[in-house]
Amino acid sequence: MRTSHIYLFGVAIATVALVASAPSAASPNVIPVIVQAGTEASPDMSAEQRAEFSSWPSEQQAQYELWPAETQGYYWTLPRPRQILFWQLSDEDKIALTAMTGPERDSAWSQIEQRAVKPPTDG
C-alpha cells in the first residue's frame, strides 16, 4: 500500500471519528436511553421491513434497536449490498455515516466498498 493511501485512510478515519464525536460534544448532558432489545420492530417500518427485521437473529435486532432513529431510517434506504457492509461497521461509524451528506458520504462509501473488496495487507 502506498504511503499516500495510508495517510488518506488515516484522514478518513479521523474525519469519521470527529463527526461521530461531535454530537456528544455538543450536548454533554444527554442521558443514554436503554432499549429492551428484541421486543418489536419500529412502527415506522413498512410491512416488508418488519418481516425482514423479524427474520434477523435477536442479537442483530437488539443492535438495530440501539441505533438512533435517523440511522435506522438510513439503513432502509441502502441497497442490499450496502446494508450488508453497514452491519460490518461500528455503531459509531454507522452514526457518522448517517450524519454525512452528498460527496462526503459518497467518498466514505467508496472507501468502505474498496476495503471490502481488497482488505489492507501488512507490510
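**Close-up views of an all-helical chain**

**View 1. Threonine 98 sits in helix α6.** The model is predicted. Threonine 98 has a relative accessible area of 14%. That value is under the 20% cut-off, so threonine 98 counts as buried.

**View 2. Threonine 98 touches residues from elsewhere in the sequence.** Leaving out residues up to four places away in sequence, its contacts are Glu70, Thr71, Tyr74, Phe86 and Arg105. Helix α4 spans residues 69-77, and Thr71 and Tyr74 are among its buried residues. Phe86 falls within α5 (80-88). Arg105 falls within α7 (102-117).

**View 3. Helix α4 has buried residues that pack against other helices.** The buried residues are Thr71, Gln72, Tyr74, Tyr75 and Trp76. Their packing partners include α2 (47-55) and α3 (58-66). They also pack against α5 (80-88), α6 (91-99) and α7 (102-117). Threonine 98, in helix α6, touches two of these α4 residues, Thr71 and Tyr74. An α-helix has 3.6 residues a turn, so residues three or four places apart point the same way.

**View 4. The protein chain holds seven helices and zero strands.** Along the sequence the pattern reads α-α-α-α-α-α-α. The chain has 123 residues, and 28% of them count as buried. Take the contacts between residues at least 6 apart in sequence: 51% join residues at least 24 apart.

**View 5. The protein chain exposes about 8,400 Å².** Carbon and sulfur atoms supply 59% of that area.

Conventions. Residues are numbered from 1 along each chain as its sequence is written. This is a predicted model: local features need pLDDT of at least 70, side-chain atom pairs count only at pLDDT 80 or more; totals for chains, interfaces and linings use all residues. Side-chain values use heavy atoms; hydrogens and water are left out. Buried means under 20% relative accessible area, exposed over 50%, partly exposed in between (1.4 Å probe, protein chains only). Helices (H or I, at least four residues) and strands (E, at least two) are DSSP runs, numbered from the N terminus. Contact means heavy atoms within 4.5 Å. Accessible areas come from the Shrake-Rupley method with a 1.4 Å probe; for residues, only the protein chains shown count as cover.
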